[in-house]
Amino acid sequence: MGATRPGTEENVMEYLFLITVDESQMPARDTATPDSGSDGMAAWLAYNQRLIDGGHWIAGASLHPSESTTTVTVVNGAPTGTTDGPYTETKEQIGGFYLVKAADLDEALGLAGAIPAPYSVVEVRPVLFRADA
Amino acid sequence: VTDPDPADAVTRLAREEGGRVTAILAARFGDLDLADESVQEALVEAVATWPDRGVPDNAAGWLLTVARNKALDRLRRTTSAARRTRALAPDLLERDRPADERGLLMADDTVADEHLRLVLLCCHPALNRDAQVALTLRLVGGLTTREIAAAYLVPEPTITQRIVRAKRKIRTAGIPLAVPAALDERVDALLQVLYLVFNEGYLSRGTDAVTRVDLADEAIRLTRVARSLLPESAEVAGLLALELFQRSRFATRVDDHGALVRLEEQDRRLWDADQVGEGNAVLAEAMAMLRPGPYQLQAVIAAEHANARTAADTDWPTIATAYAQLAAITGSAVVRLNQAVAVGMADGPLAGLALLDGVEGLDDYHLLHAAYGDLRARAGRPDQARASFERALALTDNHAEQGLLRRRIAGL
């Protein structure tokens with residue numbers, strides 16, 4: 001018994017997975033090309049392949065730690081300030097994201113729950129509009 | 001045309017058929033909001049026209065036909081291409097085809113499946129618990145937002161907003177009308193919602209009204225619906241039995257002055273024998289499935305009380321065993337508290353006190369101190385008992401419970 005939502009192209013949803021991690025628990029990452037031989041990286045590569053094979057992949061990226069963030073504030077359409085660091089100084093910061101296609105929220109939640117980060121919080125947000133879609 | 005009171009007939013129609021008709025339209029149109037709004041609009045039309053025209057013989061068929069036509073009207077008015085596309089289901093574009101309505105509302109596997117999907121959708125984990133409760137009462141239970149608001153003593157716009165937001169999230173986040181892969185988890189959420197509604201009717205804290213019969217009865221009605229849709233679930237049957245046993249005692253839970261009456265002081269002749277009998281039968285069917293669970297264990301405990309002819313006849317060792325199993329499953333401190341009370345009855349107050357000392361995290365819970373008070377009184381320690389009852393008194397704002405505690409103190 002599947003979803004009643006017809007599986008037409010028109011009804012495919014898009015979701016952003018915002019992956020929040022506790023940076024104090026993260027191993028240092030300073031290489032631009034991750035070591036594909038490590039167990040952790042193999043899991044991420046397998047996960048990416050799963051998204052691609054299932055027709056879910058749109059985009060995805062792992063980000064430098066939040067200390068590398070520069071925050072620009074815009075007021076009334078004009079930049080008013082540039083600050084060093086993320087918008088909120090908390091231990092939990094966005095570590096990466098995926099943009100995926102899924103039939104519905106249940107499928108998206110299943111994909112998000114399979115993300116191979118051992119400890120992470122994944123926010124699943126439906127995409128309202130995407131200019132290049 | 002029959003001659004019942006039209007207003008009552010509309011309320012009954014909403015309760016009995018609103019959920020099923022909403023489920024059918026939501027599945028066929030692929031649009032829950034459209035289905036709900038159309039059913040509501042049809043019910044408004046019934047309120048307006050039935051007093052003059054009379055109540056139709058087949059009110060359920062009338063509701064499905066009129067709500068479907070309202071949905072088609074909405075689709076024709078809307079500029080949303082997506083909605084028009086979904087409406088291309090050919091069986092829906094033909095108006096004036098009432099012949100199949102009777103069949104649609106009969107016990108039909110497709111309709112039962114659509115109904116189940118709606119019931120499960122309302123308890124999707126992407127919706128918060130308040131939203132799950134409001135959606136279940138409105139979409140499955142056929143209650144109006146005004147009725148829900150009155151039952152929960154909150155302003156009507158609060159419930160309206162809750163339902164609007166939940167329906168918006170269902171649409172924007174793409175929550176599907178589907179039977180989930182993890183069915184047991186969803187059924188568990190459904191049972192939590194139904195029991196929450198039942199308990200809201202059973203005991204409302206902070207007000208003088210001890211029981212609000214309507215929500216408890218609505219919960220029982222909805223649990224019956226869940227049981228008909230999930231006949232293989234032992235826990236759904238367990239919850240229904242539990243609710244029936246608790247409901248059977250409504251007449252004796254408070255005295256003429258609104259004060260709570262303890263179980264052992266209630267007049268058991270006034271317990272509803274039909275509800276106890278049905279509870280026994282439903283619990284037996286649940287336990288024959290050999291899939292035990294927390295609702296069945298709670299029903300076992302409630303059954304022991306309901307079937308004891310006098311308080312002295314209560315089988316406390318069986319109750320204590322059921323609480324021990326329940327504590328092992330749930331790990332709940334409140335269950336351990338109740339286990340200590342039962343052991344105190346089965347093996348004496350000192351055994352109960354020993355278990356109570358091991359209960360953690362309930363220091364601000366009035367019933368922990370009430371239990372201490374009772375066990376200490378029975379252990380011949382009136383001064384300690386008084387201190388415990390007074391602590392309990394300070395921790396509850398329910399007048400009925402306060403009255404009970406004052407009487408316990410006076411009786412020391």
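These legends walk through several close-up views of a predicted model.

Local features are described at pLDDT of at least 70 and side-chain atom pairs at pLDDT 80 or more, while totals for chains, interfaces and linings use all residues. Residues are numbered from 1 along each chain as its sequence is written, chains are lettered from A in the order in which they are written, and side-chain values use heavy atoms, with hydrogens and water left out.

**View 1. Chain A has 2 helices and 6 strands.** Helices (H or I, at least four residues) and strands (E, at least two) are DSSP runs, numbered from the N terminus. Follow the sequence of chain A and you meet the pattern β-α-β-β-β-β-α-β. Of the contacts in chain A with a separation of 6 or more, 77% join residues 24 or more positions apart; a contact means heavy atoms within 4.5 Å. Buried residues make up 23% of the 133 residues in this chain, where buried means under 20% relative accessible area, exposed over 50% and partly exposed in between (1.4 Å probe, protein chains only).

**View 2. Tyr47(A) and Tyr98(A) form an aromatic pair.** Over all chains, the structure holds 7 aromatic pairs. Rings of Phe, Tyr and Trp (its six-membered ring) pair if their centres lie within 6.5 Å; planes under 30 degrees apart count as stacked, over 60 as edge-to-face and the rest as tilted. Tyr47(A) and Tyr98(A) meet edge-to-face, with 5.3 Å centre to centre and 70° between the planes. This pair links distant parts of the chain, 51 residues apart: Tyr47(A) belongs to helix 1 (residues 39–53) of chain A and Tyr98(A) to strand 5 (residues 92–102) of chain A. Both tyrosines are buried. Ring pairs also bring in Trp44(A) and Trp57(A), giving a cluster with Tyr47(A) and Tyr98(A).

**View 3. In chain B, Tyr195(B) pairs with Tyr295(B).** Their rings are edge-to-face, at 5.9 Å centre to centre and 85° between the planes. Helix 11 (residues 183–202) of chain B carries Tyr195(B), and helix 15 (residues 294–307) of chain B carries Tyr295(B), 100 residues apart. Tyr195(B) and Tyr295(B) are both buried.

**View 4. Helix 3 of chain B is mostly covered.** Of its 19 residues, 15 are buried. The end C-alpha atoms of helix 3 (residues 59–77) of chain B are 27 Å apart, which agrees with the expected 27 Å because each residue should add 1.5 Å. The expected span is 1.5 Å times one less than the number of residues.
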